[in-house]
Amino acid sequence: MTETAETATTVDPREVERFAALAAEWWNPRGKMGVLHKFNPVRLAWLREKIVAHFGRDPRAMRPLEGLRLLDIGCGGGLLCEPLARMGASVVGIDPAEKNVRVASLHAEQSGAPVEYRATTAEALAEAGERFDVVLAMEVVEHVADVGLFVNSAASMVKPGGLMAAATLNRTGRSFALAIVGAEYVLGWLPKGTHDWKRFVTPEELADAMAAGGLAVIDREGVVFNPFLNEWRRSSDLGVNYMLLAERPA
Ligand SMILES: C[S@@+](CC[C@H](N)C(=O)[O-])C[C@H]1O[C@@H](n2cnc3c(N)ncnc32)[C@H](O)[C@@H]1O
Ligand SMILES: [Mg+2]
């Protein structure tokens, strides 16, 4: 990163180093990123459904996102980039950890998914004036050093009539019990220290940050774990994991 000297940054070096150290694990569904793999069907179905409806696409089409330019901020190994590219979107995946971008590029090459990866940040890309139909920040907000600056940079890249989607963890007593104590210490789903509860963001705070960036929230979904079915599902309960969808009015 060369721009960090002059430009304000949302990068917390310790956070980015943590993810870079796990780079080899991105595509192992039973590895340290297993929870993201488990989330994938739920969040992809939600993204597909909402993007298709918003842009008036045919939900039965093989490539319903054809012609849409999509940015995935904090893309990690590209677990979302690849399936979204297969749905037809022109996907740019960015991550401040160069190791992640290398793993993601290699995997996309092998799987044949046409994703463009860059080792950079939302704030650097926003400053360069890039614009997208859809901007994603999935499971990233709780790892950035400055939520206001991060959301503002992301929002500024949404074209008029475009969408931003963000998924993160709410800051509640239940999220402490489930996402920290449960997931990291009891069940061992995530490496200990993955999350800092104080960095969790309430839906109201996230919606306010989006509004400050000129976006209006149009959908809120909770994501809850069903231990009997061993799967994640959409829910009206935003108490722990949740996703917000916002639009920039045309
Ligand atoms: C939990 S992973 C989520 C990966 C991917 N979005 C997914 O859901 O599969 C968080 C990612 O955010 C990246 N990250 C950390 N700080 C960031 C920042 N300030 N700006 C953009 N990405 C960041 C990390 O390097 C890591 O790849
Ligand atoms: Mg996280």
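This is a guided tour of a predicted model, stop by stop, with what to select at each one.

Residues are numbered from 1 along each chain as its sequence is written, and chains are lettered from A and ligands numbered from 1 in the order in which they are written. Local features need pLDDT of at least 70, side-chain atom pairs count only at pLDDT 80 or more, and totals for chains, interfaces and linings use all residues, while side-chain values use heavy atoms, with hydrogens and water left out.

**Stop 1: the metal**

Select ligand 2, the magnesium ion. Show Glu 142, His 143 and His 195 with it. Glu 142 coordinates through OE, and the two histidines, His 143 and His 195, through NE2, at 2.1 to 2.5 Å. Donors here are N, O and S atoms within 2.8 Å of the metal (3.2 Å for Na, K and Ca); water is not among the atoms, so sites may look incomplete. Along the chain, the donors of this ion follow the spacing E-H-x51-H. Glu 142 and His 143 are both buried. Buried means under 20% relative accessible area, exposed over 50%, and partly exposed in between (1.4 Å probe, protein chains only).

**Stop 2: the cores**

Next, select Leu 47, Leu 84 and Met 138. In the largest nonpolar core, which has 44 residues, these three touch the most other members. Such a core is a set of buried Ala, Val, Leu, Ile, Met, Phe, Trp, Tyr and Cys residues joined through side-chain atoms within 4.5 Å. Elements giving it two or more residues include helix H2 (34-54), helix H4 (98-111), strand E4 (132-138) and strand E5 (158-169). H2 supplies the largest share, nine residues. Helices (H or I, at least four residues) and strands (E, at least two) are DSSP runs, numbered from the N terminus.

Centre on Met 138. Beyond its neighbours within four places in sequence, Met 138 is in contact with Arg 43, Trp 46, Leu 47, Ile 73, Leu 80, Ala 165, Ala 166, Ala 167 and Met 243. Contact means heavy atoms within 4.5 Å. A second, separate core has 31 residues, among them Val 140, Val 201, Ala 209 and Leu 215.

**Stop 3: two positive phi angles**

Most residues other than glycine have a negative phi. Select Glu 139, where phi is positive, about 60 degrees, although the residue is not a glycine. Glu 139 sits in the loop between E4 and helix H6 (147-156). It is buried, at a relative accessible area of 15%.

Now go to Asn 230. Its phi is also positive, near 55 degrees. The residue lies in the loop between strand E6 (216-226) and strand E7 (231-235). Asn 230 is partly exposed, at 41% relative accessible area.

**Stop 4: three buried residues**

Select Val 158 in strand E5. Its relative accessibility is 1%, so it counts as buried. Leaving out residues up to four places away in sequence, Val 158 touches Phe 132, Val 135, Leu 163, Met 164, Leu 215 and Arg 248.

Which loop holds Asn 170? The one between E5 and H7. Asn 170 is buried, with 7% relative accessible area. Its contacts more than four places away in sequence include Ser 175, Phe 200, Pro 203, Gly 239 and Tyr 242.

Move to Ala 89, in the loop between H3 and strand E2 (90-94). At 5% relative accessibility, Ala 89 is buried. Outside its neighbours within four places, it contacts Leu 65, Glu 66, Leu 68, Leu 70 and Leu 84.

**Stop 5: salt bridges**

The whole structure has 19 salt bridges. Each is a side-chain nitrogen of Lys or Arg within 4 Å of a carboxyl oxygen of Asp or Glu. Select Arg 174 and Asp 237, which pair at 2.9 Å, N to O. This pair links distant parts of the chain, 63 residues apart: Arg 174 is in helix H7, and Asp 237 is in the loop between E7 and E8. Arg 174 is partly exposed at 41%, and Asp 237 is partly exposed at 28%.

Then select Glu 221 and Arg 234, with closest N and O atoms 3.4 Å apart. Glu 221 is in strand E6 and Arg 234 in strand E7, 13 residues apart. Glu 221 is buried at 12%, whereas Arg 234 is partly exposed at 29%.

Last, select Arg 233 and Glu 231, a salt bridge at 3.2 Å between the closest N and O atoms. Elsewhere, shared partners join Asp 12, Arg 14, Glu 15, Arg 18 and Arg 199 into one salt-bridge network.
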